[in-house]
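Thanks for sharing this one. Here are some notes to read alongside the structure, set out as numbered points.

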Amino acid sequence: MIPYIIIGGLEISTWRLFVLTSVVICWIFFLIRSKNLGYSFYTIFPWLLFGLPVGTLGGHLFNKLIPSVVGLSGAAYSFAGLTIIGSIIACVLYSFLYIKYVIKSPPTQLLDAVAFTFPLSILIGRLGCFLSGSCYGRPSAEWINNSFLSVFTLPVNFYVPPSTAWHAYRDMPPESLVWNLPLLLILNASFGLVVTETIYRNRAKWSLYPGTVFAAAGALDSGGRFFIEFFRKEEVVASTIFNPWQLAILVIFCIFFLWLCFSLYRRRPQYLLNL
């Protein structure tokens with residue numbers, strides 16, 4: 001693993017480098033798609049550019065807000081898994097307002113077009129998590145270690161200082177196996193990317209209501225991540241079995257799922273007319 005990359009005297013976080021890479025790649029692909037849809041570069045690029053500070057501020061704010069609400073505090077929770085969730089919420093709200101009042105276009109149509117960047121950015125970002133050791137899983141059961149499921153685990157000695165995972169596992173025997181949380185999240189994002197693009201490319205054929213693709217992308221990612229979070233090494237909230245990230249993800253999933261159900265319901269009249 002490579003927690004940091006040192007260039008000259010500058011120490012750069014691997015995770016931050018991968019996040020920046022994911023932003024650039026997603027921008028390139030979406031700018032190509034938006035041009036094919038008839039939008040100019042000068043219309044779309046400011047929306048994407050201003051989304052950077054919005055996502056950053058939203059992520060850090062959310063990361064401080066939720067632990068306070070559920071009664072958790074301390075450095076262990078600072079700038080942890082809620083950053084991505086907060087960024088998503090902030091960027092979605094910002095995008096709705098910007099597309100409607102600045103671009104003056106129906107927000108759901110552009111959000112459908114940009115939906116693929118949701119799982120794609122997470123996929124690339126989680127590669128950074130894997131290399132930097134910034135998110136990590138709980139110890140696996142002994143029977144897992146002798147089954148095919150062991151391909152989803154890592155030995156504790158994979159992590160090196162000064163990574164966050166190394167600090168979390170330093171008291172464990174080096175041969176112990178723990179769940180490879182970034183890999184599970186990458187698989188979830190990969191599945192979401194394939195399904196999202198399939199739905200988008202067939203939206204006209206299936207007579208989908210605008211917003212269906214984006215809602216499906218959000219529901220797929222948050223639904224899958226909710227269950228994957230059970231494999232994270234993290235404290236639970238009060239007497240529940242959930243960690244604080246799961247509670248936030250559950251709220252996001254409910255919002256996207258209801259949005260998806262509403263969009264599919266709105267599709268029905270047009271679908272029946274085509275029978």
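1. A word on element names before we start: helices (H or I, at least four residues) and strands (E, at least two) are DSSP runs, numbered from the N terminus. In that numbering, leucine 183 lies in helix α8. Please keep in mind throughout that this is a predicted model.

2. Staying with leucine 183, its relative accessibility is 25%, so this residue counts as partly exposed. A contact across the sequence is worth a look here: leucine 183 and threonine 153 are separated by 30 residues along the chain, while their C-alpha atoms are 8.8 Å apart in space.

3. Now to the empty space inside. How many cavities of 30 Å³ or more are there? The count comes to two. The largest cavity has a volume of about 140 Å³, and the second largest has about 40 Å³.

4. The largest cavity has 13 lining residues, and those nearest its centre are Ile85, Ile88, Asp221, Ser222 and Arg225. Five helices each supply at least two residues of this lining: α3 (82-103), α5 (117-132), α8 (181-201), α9 (212-228) and α10 (244-273). By class, the lining of the largest cavity holds eight nonpolar, two polar and three charged residues.

5. The second largest cavity is lined by Phe118, Pro119, Asn188, Ala189, Gly192, Thr196, Ala217, Leu220 and Asp221. Here the elements giving two or more residues are α5, α8 and α9. Which element provides the largest share of this lining? That is α8, with four residues. The lining of the second largest cavity divides into five nonpolar, three polar and one charged residues.

6. You may wonder about disulfides. A search of the whole structure finds zero. Why is there no bond between cysteine 129 and cysteine 135? Cysteine 135 holds the closest cysteine sulfur to that of cysteine 129, but the two sulfurs are 3.6 Å apart, which is too far for a bond; the cut-off used for a disulfide is 2.5 Å. Cysteine 129 is buried, with a relative accessible area of 3%, whereas cysteine 254, at 38% relative accessibility, counts as partly exposed.

7. The aromatic residues deserve a careful look, with 22 aromatic pairs found in the whole structure. One of the pairs is tyrosine 136 with tyrosine 169: the ring centres are 5.5 Å apart and the planes stand at 70°, so the pair is edge-to-face. The two tyrosines link distant parts of the chain, 33 residues apart, with tyrosine 136 in the loop between α5 and α6 (142-145) and tyrosine 169 in helix α7 (residues 164-169). Tyrosine 136 counts as buried at 14% relative accessibility, and tyrosine 169 counts as buried at 1%.

8. Phenylalanine 226 and phenylalanine 242 form another aromatic pair, a tilted one, at 5.6 Å centre to centre with 45° between the planes. This pair also links distant parts of the chain: phenylalanine 226 is in helix α9, and phenylalanine 242, 16 residues away, is in the loop between α9 and α10. Buried or partly exposed: which applies to phenylalanine 226? Phenylalanine 226 is buried, at a relative accessible area of 12%, while phenylalanine 242 is partly exposed at 23% relative accessibility.

9. Two further ring features are easy to find on screen. Phe96, Phe118, Phe214, Phe256 and Trp259 are linked into a cluster by ring pairs; Phe118 also lines the second largest cavity. Separately, arginine 203 lies over the face of tyrosine 200, at 3.8 Å from the ring centre.

10. Finally, some backbone details to check. Most residues other than glycine have a negative phi, and most peptide bonds are trans. The peptide bond from proline 161 to proline 162 is cis, with omega near 10°, and proline 162 sits in the loop between β3 (153-155) and α7.

11. Two residues that are not glycine have a positive phi. Lysine 104, with phi of about 60°, is in the loop between α3 and α4 (107-114), and serine 207, with phi near 55°, is in the loop between α8 and α9. Their surroundings can be set side by side: lysine 104 counts as exposed at 68% relative accessibility, whereas serine 207 counts as buried at 13%.

Note on methods. Residues are numbered from 1 along each chain as its sequence is written. This is a predicted model: local features need pLDDT of at least 70, side-chain atom pairs count only at pLDDT 80 or more; totals for chains, interfaces and linings use all residues. Side-chain values use heavy atoms; hydrogens and water are left out. On a 1 Å grid over the protein atoms alone, a cavity is a set of points where a 1.4 Å probe fits but cannot get out, and a pocket is an open set with protein on both sides within 12 Å along at least five of seven lines; lining residues have an atom within 4 Å of a point. Grid points are joined across faces, edges and corners, and a volume is the space filled by probe spheres set on the points. Ala, Val, Leu, Ile, Met, Phe, Trp, Tyr, Cys and Pro count as nonpolar, Asp, Glu, Lys and Arg as charged, and the others, Gly among them, as polar. Buried means under 20% relative accessible area, exposed over 50%, partly exposed in between (1.4 Å probe, protein chains only). Rings of Phe, Tyr and Trp (its six-membered ring) pair if their centres lie within 6.5 Å; planes under 30 degrees apart count as stacked, over 60 as edge-to-face and the rest as tilted. A charge sits over a ring if NZ of Lys or CZ of Arg is within 6 Å of the ring centre and within 35 degrees of the ring normal.
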